[in-house]
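Here is a short briefing to read alongside the model. Please keep the viewer open as you go through the points.

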Amino acid sequence: MLFVLGVTAASFSSADSALTSLTTSYCVDIRRRPDDERLRRRVHVAMCVLFVLVILLIRASGSSSLIDAIYTIVSYTYGPLLGLFAFGLFTQRGVRDRLVPCVCVASPLLCYAIDRIAKQQFDYHFGYELLMLNGLLTFLGLWLLSRSRE
């Protein structure tokens, strides 16, 4: 019983620290309004709602373990980061800056569609390789929308 209480207390402590950090980061670093108490409260509530949505998303993923669910969700979010990093590291091509967010949003959506189609048509479910596919699609999308630097 004491162990369960300890784990629960540690979890709440970590969640509270993360909420406070995200709220402070948004108010101070992004909005540049560190003394606006009303904004801070509204952002804190919004971050709480976002945390609940993430928890529900993990639960809805239907994964048998929490680690698998987290890795699957991370594959969708880190894939574009991997593609951006690889594109910048291995090419000297210039990109159209305003189109980069479109590529970074389209890539996970396309990965999701490919995963569903593969499961339906071939009874294949992408696992951790989804991260590589997502990064590759982002890289290819950036390549198609880029131009060589002269």
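Buried means under 20% relative accessible area, exposed means over 50%, and partly exposed lies in between, with a 1.4 Å probe and protein chains only. By that scale, Arg 33 is partly exposed at a relative accessible area of 32%. This is a predicted model, in which local features need pLDDT of at least 70 and side-chain atom pairs count only at pLDDT 80 or more, while totals for chains, interfaces and linings use all residues. Residues are numbered from 1 along each chain as its sequence is written, and side-chain values use heavy atoms, with hydrogens and water left out.

**Overall layout**

- The protein has five helices and two strands; helices (H or I, at least four residues) and strands (E, at least two) are DSSP runs, numbered from the N terminus.
- Read from the N terminus on, the order of elements is α-α-α-β-α-α-β.
- Of the 150 residues, 23% count as buried.
- About 11000 Å² of the protein is exposed, and carbon and sulfur atoms supply 67% of that area; accessible areas come from the Shrake-Rupley method with a 1.4 Å probe, and for residues only the protein chains shown count as cover.
- Contact means heavy atoms within 4.5 Å. Among contacts between residues at least 6 apart in sequence, 65% join residues at least 24 apart.

**The largest nonpolar core**

- A nonpolar core is a set of buried Ala, Val, Leu, Ile, Met, Phe, Trp, Tyr and Cys residues joined through side-chain atoms within 4.5 Å.
- The largest one has seven residues: Tyr 76, Cys 111, Ala 118, Phe 126, Leu 130, Leu 133 and Leu 137.
- Two or more of these residues come from each of α4 (100-122) and α5 (129-144), and α5 gives the most, with three residues.
- Leu 137 is in contact with Ser 107, Leu 110, Cys 111 and Ile 114, leaving aside its neighbours within four places in sequence.

**Helices α4 and α5**

- The expected span of a helix is 1.5 Å times one less than its number of residues.
- For the 23 residues of α4 that gives 33 Å, and the end C-alpha atoms are 32 Å apart, which agrees.
- α5, with 16 residues, reaches 23 Å from its first C-alpha to its last, close to the expected 22 Å.
- Buried residues of α4 are Val 100, Val 103, Cys 104, Ser 107, Pro 108, Cys 111, Asp 115 and Ala 118.
- In α5, the buried residues are Leu 130, Leu 133, Asn 134, Gly 135, Leu 137, Thr 138, Gly 141 and Leu 142.
- An α-helix has 3.6 residues a turn, so residues three or four places apart point the same way.

**A buried serine in α3**

- Ser 75 sits in helix α3 (residues 66-90) and counts as buried, at 4% relative accessibility.
- Which residues does Ser 75 touch, not counting residues up to four places away in sequence? They are Tyr 128, Leu 130, Leu 131 and Asn 134.

**Salt bridge**

- The structure holds one salt bridge, a term for a side-chain nitrogen of Lys or Arg within 4 Å of a carboxyl oxygen of Asp or Glu.
- The side chains of Arg 33 and Asp 36 form it, at 2.3 Å from N to O.
- Asp 36 is partly exposed, with a relative accessible area of 23%.
- Arg 33 lies in the loop between α1 (2-30) and α2. Apart from neighbours within four places in sequence, Arg 33 is in contact with Cys 27, Val 28 and Leu 39.

**Positive phi angles in loops**

- Arg 32, also in the loop between α1 and α2, has a phi near 55°, a positive value in a residue other than glycine. Arg 32 is exposed, with a relative accessible area of 64%.
- Asp 123 follows α4 and has a positive phi, near 55°. The residue lies in the loop between α4 and α5 and counts as exposed at 70% relative accessibility.

**Nonpolar surface patch**

- Patches are made of residues with over 30% relative accessible area and no salt bridge, with like charges joined within 9 Å and nonpolar side chains (Val, Leu, Ile, Met, Phe, Trp, Tyr) within 5 Å.
- Val 45, Val 49, Leu 50, Val 52, Leu 53, Val 54 and Leu 56 form a nonpolar patch on the surface, with about 610 Å² of accessible area together.
- Within this patch, Val 49 is found in helix α2 (residues 37-60) and counts as partly exposed, at 47% relative accessibility.
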